[in-house]
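Open the structure in your viewer and keep the selection panel at hand. The tour below goes from one selection to the next and says what is found at each stop.

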Amino acid sequence: MRHRHISDIVISATLMLMLFSGPAAAQNVGEVPDIQSPGHNSEIPSRVSRIDVTWGIPEGDPYGYFVLFNTNPGHTFGGLNPDGEHVTRRSFTSPDFAAFQPDDVAYYFHIAAADGKGDIGLTVTAGPYRIDVVPPSDVGVTAPEVTSVRTVTLTLKAEGASEVHISNVAHGEGGRWKNLTGETEWELTPGRGEKTVYVRFSDLAGNTAGTSVIITFIAGDADGDLSLSLRDAVPVLQVLAGMETADISPDADVNGNGRIGTEEAVYILKEISGTDSE
Ligand SMILES: [Ca+2]
Ligand SMILES: [Ca+2]
């Protein structure tokens, strides 16, 4: 891809020279070869906000190089006062782009060799070098406030995020990073009470922003109406008595042993009587 990109620029630069400059000048120095940026990759945005580049020695008799970083993929050095900086070494470091708070902005490096008489060779462009120092913004997670079903639907939102990490433990722990989707199913830990779900969003460069939501889990809710009543106690007692009953939500399991039994009956009856006596 880079090869084609560079050859496009070479072709347009050549055309411009033919159109505006008469016979091509500055053929004393060739194109700058082997431009490398070890810290940056053209595919993945980086949080490293300075770009280091090195290059090889062009053909001809180079005295120095005109170099420039900007966001323009098609710069050409030329004329009597070329923009950019003139350096004689074969390495250069960009300004610290963090000052501009780039949020996945593509920067390009342009370079042309110059000979001792000031004639400038063809410009070569390298990049894009994508830089992102801005974390996702407007992050949010919505979920049911109260549930008696352990698998809940989370609605996720974030500006400038591509991945999400959801956890019952802490931000960025005990889960795994997944591609961000607007909605996702999430399984709460067993047991009753308030449960915090920690959601952390990340962009491709690894800038993160977190948020969380608290969900109250009602255990023992055999009929799934989000409250505890005799209608929950009765089917559980029927199960204990060995009677056929209507479907009991498996998430009514209070103590997390995978069965509906005495513990559930005791818990439900206790909760009902506690509510009654208040
Ligand atoms: Ca970003
Ligand atoms: Ca109920």
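## A tour by selection

Begin with the whole chain in cartoon view: the protein has three helices and 14 strands. The model is a predicted one. Of the 278 residues, 31% count as buried. Among the contacts with a separation of 6 or more, 64% are between residues 24 or more positions apart.

**Stop 1: a sheet of four strands.** Select β2, β3, β5 and β6. They form an open sheet in the order β3-β2-β5-β6, and the pairing is antiparallel. The edges are β3 (85-87) and β6 (124-132); each has a single partner strand, so one side of each has no neighbour in the sheet. On average, neighbouring strands here are turned by 25 degrees against each other, direction ignored. As a general point, strands of a sheet pair through backbone hydrogen bonds, either parallel or antiparallel.

**Stop 2: β2 against β5.** Now keep residues 62-70 and 103-115 on screen. These are β2 and β5, antiparallel strands joined by eight bridges. Which residue of β5 stands opposite V67? It is I111. Select P62 as well, and D115 of β5 is found opposite P62.

**Stop 3: β5 against β6.** Add β6 to the view. Seven bridges link β5 and β6, again in the antiparallel sense. One pair to pick out is H110 and T125, where T125 is the bridge partner in β6. Stay on β6 and select P128, which is placed in this strand. The peptide bond leading from G127 to P128 is cis, and its omega is near 0 degrees.

**Stop 4: the largest nonpolar core.** Show side chains for V32, Y65, F66, I111, A112 and A114. These have the most contacts inside the largest nonpolar core, which has 24 residues. The strands β2, β5 and β6 each supply at least two residues of this core. Of the contributions, that of β5 is the greatest, at six residues. I111, seen earlier opposite V67, is among the core residues with the most contacts.

Centre on A112. Leaving out residues up to four places away in sequence, A112 touches V32, Y65, F66, F77, I120, G121, L122 and T123. Apart from this core lies another, of 14 residues; to find it, select V139, L156, V164 and V197, which are among its members.

**Stop 5: D138.** Select residues 137-142, the strand β7, which includes D138. D138 is not a glycine, yet its phi is positive, near 50 degrees. Is D138 buried or exposed? D138 is exposed, as 11 other C-beta atoms lie within 10 Å, and the cut-off for exposed is 12 or fewer.

**Stop 6: L226 and the helix after it.** Go to the loop between β14 (208-217) and α2 (230-240), where L226 is found. L226 is another residue other than glycine with a positive phi, here about 65 degrees. With 14 other C-beta atoms within 10 Å, L226 is partly exposed.

Then move along to α2. Which residues of α2 are buried? They are D232, A233, P235 and V236. In general, an α-helix has 3.6 residues a turn, so residues three or four places apart point the same way. The last selection is G242, which follows α2 and has a positive phi, near 75 degrees.

Terms used
Residues numbered from 1 in each chain as written. Chains lettered and ligands numbered in written order. Predicted model: local features only at pLDDT ≥ 70, side-chain atom pairs only at ≥ 80, totals over all residues. Pairing = 2+ DSSP bridges. Axes fitted to C-alpha atoms, helices over the stretch in contact; angles between N-to-C directions. Buried ≥ 20, exposed ≤ 12 C-beta atoms within 10 Å, placed from the backbone. Contact = placed C-beta atoms within 7 Å. Core = buried A, V, L, I, M, F, W, Y, C linked by C-beta atoms within 7 Å.
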